[in-house]
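Thanks for making the time this morning. I would like to walk through the annotated positions of this protein one after another, and then turn to the surroundings of the ligand.

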Amino acid sequence: MGNYDALVVVSFGGPERPEDVLPFLENVVRGRGVPRERLLAVEAHYQRFGGVSPINQQCRELVAALEGVVDVPVYWGNRNWHPYLTDTVRQMAADGVRRAAAFATAATSSYSSCRQYIEDIARATREVQDAPRLVKLPHFYDHPGFIAAMTDRTRAALDEVGEDARLVFTAHSVPLSMAAKSGPRGGAYEAELRAASALVAQACGTGDFDLVWQSRSGPPQVPWLEPDVCDHLEELHAQGTEAVVLVPIGFVSDHMEVRYDLDLEAAAKAAELGLRLARAGTAGTHPRFVSMIKELMDGPEPVPCPVDCCVIGSGRPARTPPTG
Ligand SMILES: CC1=C(CCC(=O)O)c2cc3nc(cc4[nH]c(cc5[nH]c(cc1n2)c(C)c5CCC(=O)O)c(CCC(=O)O)c4C)C(CCC(=O)O)=C3C
Ligand SMILES: [Fe+2]
C-alpha cells in the first residue's frame, strides 16, 4: 500500500511571459530535429495567447484540488519550464521527504508520455543530494476515474451540439517510429487511446467513434500518426456528417494544444465547412479525476516499466526518414 510522505505532480511545463516562449520551445525540442519554421509557427501560437501557456495555471489548480483530497504535502515540478522538477525535488529533500508518489500528467504509454517522464524523474533525483525516492504512479488511460471524468465532459458537449453528433477523439500525433515502440510489446500508444475512447463512447451509449491525431511536429519527411483532425473533419463533412464532438482524450488539461489546435484551428475548419462542433473538456480538476490520483496512491506499489519499454533508439524520435 501507498505509504508515501508526499505527492509530486510532474508535468510538461509552459511559458507565462512572452520573452520565455522561445527559450521554452528550445528546451522542448532540443536534439529532436524539429525544423525552425515549425518552432516559429508554434511560437506565434503562444504569442497569440500573450505568451502565456495555460498549462501551469491548470497544474496549480490540480495541486490545489489534490491538497483537499490527499493527506500528504503536494508538490509540482516540470520537464520544460519553471518550476523545474529538479528544483522541486531539492525542496522536497529540504523538507525531509523520503518517499513520494509521482503523478505524471499523461495517461498513456509512449516515449513522450511515459518514458520521458521516467527520465525526468531519474535525472532530478540524481541531481539532488539526499533526494527522496520518487515512485511513478501507473498509467491511467482506462482507470474508471479518468473514464468517468471524460464521459461527463463528453456528455456535456453532446448536450451542447446535439445527441446526433459524431464522437471524434483526438490525441497528440507522434512519429510512427515512436508509436511502434510504445509499451512493452509495441503499439501501446494507439491501442490505449483507442481503448479509452471506446470506454467513453460506450458510456455515452455508442460504439461508433473515430480516433484522430493533432499537433503534428517534426520534419515533414518523417511519418507521424494520421489522419490529422482537420483533414478528418473535411472527410466527415464530405460523407454527410453534420455535427461533431471533439474529445481530447490524449490530454488531461485544456493546455495550448487543446486551446489552439482544437478551439481555434479545428473550430475554424468546422465553421468553414458548416459543421456543428463542440469540444469536450479535459479531465482537469474533475472530482473523479482527482480522487483517481488518491486511489492510485492508495493502491499497490506500481511495477516499474521494463527498462526497454517506450525507449526509442537513442531515446529520441528518428531524425531521418526510413529508407526502402
Ligand atoms: C504524446 C505527446 C503529448 C501527450 C502526453 C503529455 O502530456 O506529456 C504531448 C503533450 C504536450 N505537448 C506540449 C507542447 C509541445 N509539444 C511539442 C512537440 C512534441 N510533442 C510530442 C508528443 C506529445 N506531446 C512530440 C513527439 C513532439 C515532437 C518533439 C519531441 O519529440 O519531443 C512542442 C514543440 C513544438 C511543436 O509543436 O512542434 C511543444 C511546444 C504540451 C504543453 C502545451 C502548453 O504549453 O500548454 C503538452 C502537454
Ligand atoms: Fe507535445
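The unreviewed UniProt entry carries a "binding site" annotation that covers His172 and Glu257. Although these two span 86 residues in sequence, no two of their C-alpha atoms are more than 8.3 Å apart, so they gather at one spot. Please keep in mind throughout that this is a predicted model.

Let me take His172 to begin with, which lies in strand β5, the run of residues 166-172. Is His172 buried or exposed? With 23 other C-beta atoms within 10 Å, His172 is buried, because 20 or more such neighbours is the cut-off for that class. Not counting residues up to four places away in sequence, His172 touches Gln214, Ser215, Gly250 and Glu257.

Its annotated partner, Glu257, lies in helix α10, and Glu257 is buried too, with 21 other C-beta atoms within 10 Å. If we leave aside the neighbours within four places in sequence, Glu257 is in contact with His172, Gln214, Ser215 and Phe251. Reading the two lists side by side, you will notice that Gln214 and Ser215 are touched by His172 and are also in contact with Glu257.

The "binding site" annotation, again from the unreviewed UniProt entry, also covers Ser53 and Tyr117. Ser53 sits in the loop between α2, residues 36-48, and α3, residues 55-67, and Ser53 is buried, having 24 other C-beta atoms within 10 Å. Which residues does Ser53 touch, once those up to four places away in sequence are not counted? They are Gly14, Pro15, Glu16, Tyr46, His255 and Met256.

Tyr117, for its part, lies in helix α5, which takes in residues 111-127, and Tyr117 counts as buried with 23 C-beta neighbours inside 10 Å. Leaving aside neighbours within four places in sequence, Tyr117 is in contact with Val10, Ala104, Ala106 and Lys136.

That brings me to ligand 1. Of the 27 residues around ligand 1, those that come nearest are Gly14, Ser53, Ser217, His255 and Met256, so one of the annotated residues, Ser53, is in that group. Which helices each supply at least two residues of the shell around ligand 1? They are α1 (21-29), α2, α5 and α10 (256-273), and the largest share, three residues, comes from α1. By class, the shell around ligand 1 has twelve nonpolar, twelve polar and three charged residues.

Why can we say that ligand 1 lies between the two domains? Domain 1, made up of 6-140 + 285-298, and domain 2, which covers 144-279, both give residues to the shell around ligand 1, and therefore ligand 1 lies between them.

Finally, a word on Thr151, whose place is in helix α6, residues 144-161. Thr151 is buried, with 20 other C-beta atoms within 10 Å. Thr151 and Val200 are 49 residues apart in sequence, and yet their C-alpha atoms are 5.2 Å apart in space. Beyond its neighbours within four places in sequence, Thr151 is in contact with Val200, Ala203 and Cys204.

Notes. Residues numbered from 1 in each chain as written. Chains lettered and ligands numbered in written order. Predicted model: local features only at pLDDT ≥ 70, side-chain atom pairs only at ≥ 80, totals over all residues. UniProt positions renumbered as here; feature names shortened; annotations may be inferred. Helix = DSSP H or I, 4+ residues; strand = E, 2+ residues; numbered from the N terminus. Buried ≥ 20, exposed ≤ 12 C-beta atoms within 10 Å, placed from the backbone. Contact = placed C-beta atoms within 7 Å. Near = placed C-beta within 6 Å. Nonpolar A, V, L, I, M, F, W, Y, C, P; charged D, E, K, R; others polar. Domains from an automatic or database assignment.
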